[in-house]
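Student: I'd like to go through this one by asking why each label applies. Can you set the values against the cut-offs for me?

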Amino acid sequence: MNKKILRKWAINKRKEIDIMQISIILSEKLLETEEYKRAKNIMIFHPLKNEVNLLSILKDKTKQFYLPRIKGEELECCVYQEGDELCESCFHTKEPTCKACDKTIIDMVVVPALAIDRNNYRLGYGGGFYDRFLNDFRGKKIACIPKELYIETVYPEKHDIKMDLVIHS
């Protein structure tokens, strides 16, 4: 099986999952991790349709949160608080409109994934944005995924970045 076929399978599988309920469970599990408790600056993502929604953690005022923004072929990180202005990106994700900041201040990135394998490699959407962003990232890399999308292998390639922690329902 190749990644293109696996992406199609994962997108269809997500439609069968109660993503709202799973999102609540995954958010609660994330808040309980030592990685989260130690982090001060956390980048999360604004979910696409049928994607895990972790935005409820923005209520934690002891942390500074960031959202990604696409600029050319790269991801930037931008400070974000609930209610800040967002615009729609070329990939139909919601992005902050504020000035980008230096990613070296980020302690932890919660990375979106279509699927995750038993070796903590993620299947993304195929653009490579997160792999490029995480290539030299020194903080913790975490993915939250429904158990139905936790699979044997995503057929990782040389450029794919392994997650430090995978939380599944």
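Tutor: Here is a run of questions and answers on fold, cysteines, spaces and single residues. Keep in mind that this is a predicted model.

Student: Let's start with the overall fold. How many helices and strands are there in the protein chain?

Tutor: The protein chain has four helices and twelve strands.

Student: And why is the protein chain called as compact as a globular protein of that length?

Tutor: Its radius of gyration is 15 Å, and the globule rule gives 15 Å for 169 residues, so the two are close and the label fits. Along the principal axes, the C-alpha atoms fill a box of roughly 40 × 35 × 30 Å.

Student: What share of the 169 residues is buried?

Tutor: Buried residues come to 50%, where buried means under 20% relative accessible area. As for contacts with a separation of 6 or more, 67% of them are between residues 24 or more positions apart.

Student: Now the cysteines. How do you know that the structure holds zero disulfides?

Tutor: A disulfide needs two cysteine sulfur atoms within 2.5 Å, and the structure holds zero such pairs. Take Cys-87: the nearest cysteine sulfur belongs to Cys-78 and is 9.3 Å away, so with a cut-off of 2.5 Å Cys-87 is in no disulfide. Cys-98 also has Cys-78 as the owner of its nearest cysteine sulfur, here 4.5 Å away, and that is still over 2.5 Å, so Cys-98 is in no disulfide.

Student: What makes Cys-87 and Cys-98 partly exposed?

Tutor: Partly exposed runs between 20% and 50% relative accessible area. Cys-87 has 32%, so it counts as partly exposed. Cys-98 has 31%, so the label holds there too.

Student: On to the spaces. How many cavities of 30 Å³ or more does the structure hold?

Tutor: One. The largest cavity has a volume of about 50 Å³, which puts it over the 30 Å³ cut-off. It is called a cavity because a 1.4 Å probe fits there but cannot get out.

Student: Which residues line the largest cavity, and what is the lining like by class?

Tutor: The lining includes Arg-14, Phe-45, Glu-51, Val-111 and Pro-112. By class, it has nine nonpolar, no polar and two charged residues.

Student: What about the largest pocket?

Tutor: The largest pocket holds about 550 Å³ of space. A pocket is an open set of points, whereas a cavity is one the probe cannot leave. Its lining has 29 residues, with Pro-112, Arg-122, Tyr-125, Phe-129 and Tyr-130 nearest the centre. Among the elements that give two or more residues to that lining are helix H1 (3-14), strand E2 (64-71) and helix H4 (129-134). The class count for the pocket lining is eleven nonpolar, eight polar and ten charged.

Student: Last, two single residues. Why is Ile-24 called partly exposed?

Tutor: Ile-24 has a relative accessible area of 45%, which is under the 50% needed for exposed and over the 20% limit for buried, so it is partly exposed. Ile-24 lies in helix H2 (residues 19-32), and its C-alpha atom is 15 Å from that of Ile-44, 20 residues apart along the chain.

Student: And where is Asp-60, and which residues is it in contact with?

Tutor: Asp-60 sits in the loop between strand E1 (41-43) and E2. Leaving aside neighbours within four places in sequence, Asp-60 is in contact with Tyr-36 and Phe-65, contact being heavy atoms within 4.5 Å.

How values were computed:
Residues are numbered from 1 along each chain as its sequence is written. This is a predicted model: local features need pLDDT of at least 70, side-chain atom pairs count only at pLDDT 80 or more; totals for chains, interfaces and linings use all residues. Side-chain values use heavy atoms; hydrogens and water are left out. On a 1 Å grid over the protein atoms alone, a cavity is a set of points where a 1.4 Å probe fits but cannot get out, and a pocket is an open set with protein on both sides within 12 Å along at least five of seven lines; lining residues have an atom within 4 Å of a point. Grid points are joined across faces, edges and corners, and a volume is the space filled by probe spheres set on the points. Ala, Val, Leu, Ile, Met, Phe, Trp, Tyr, Cys and Pro count as nonpolar, Asp, Glu, Lys and Arg as charged, and the others, Gly among them, as polar. Buried means under 20% relative accessible area, exposed over 50%, partly exposed in between (1.4 Å probe, protein chains only). The radius of gyration is taken over C-alpha atoms; the globule rule is 2.2 Å times the number of residues to the power 0.38.
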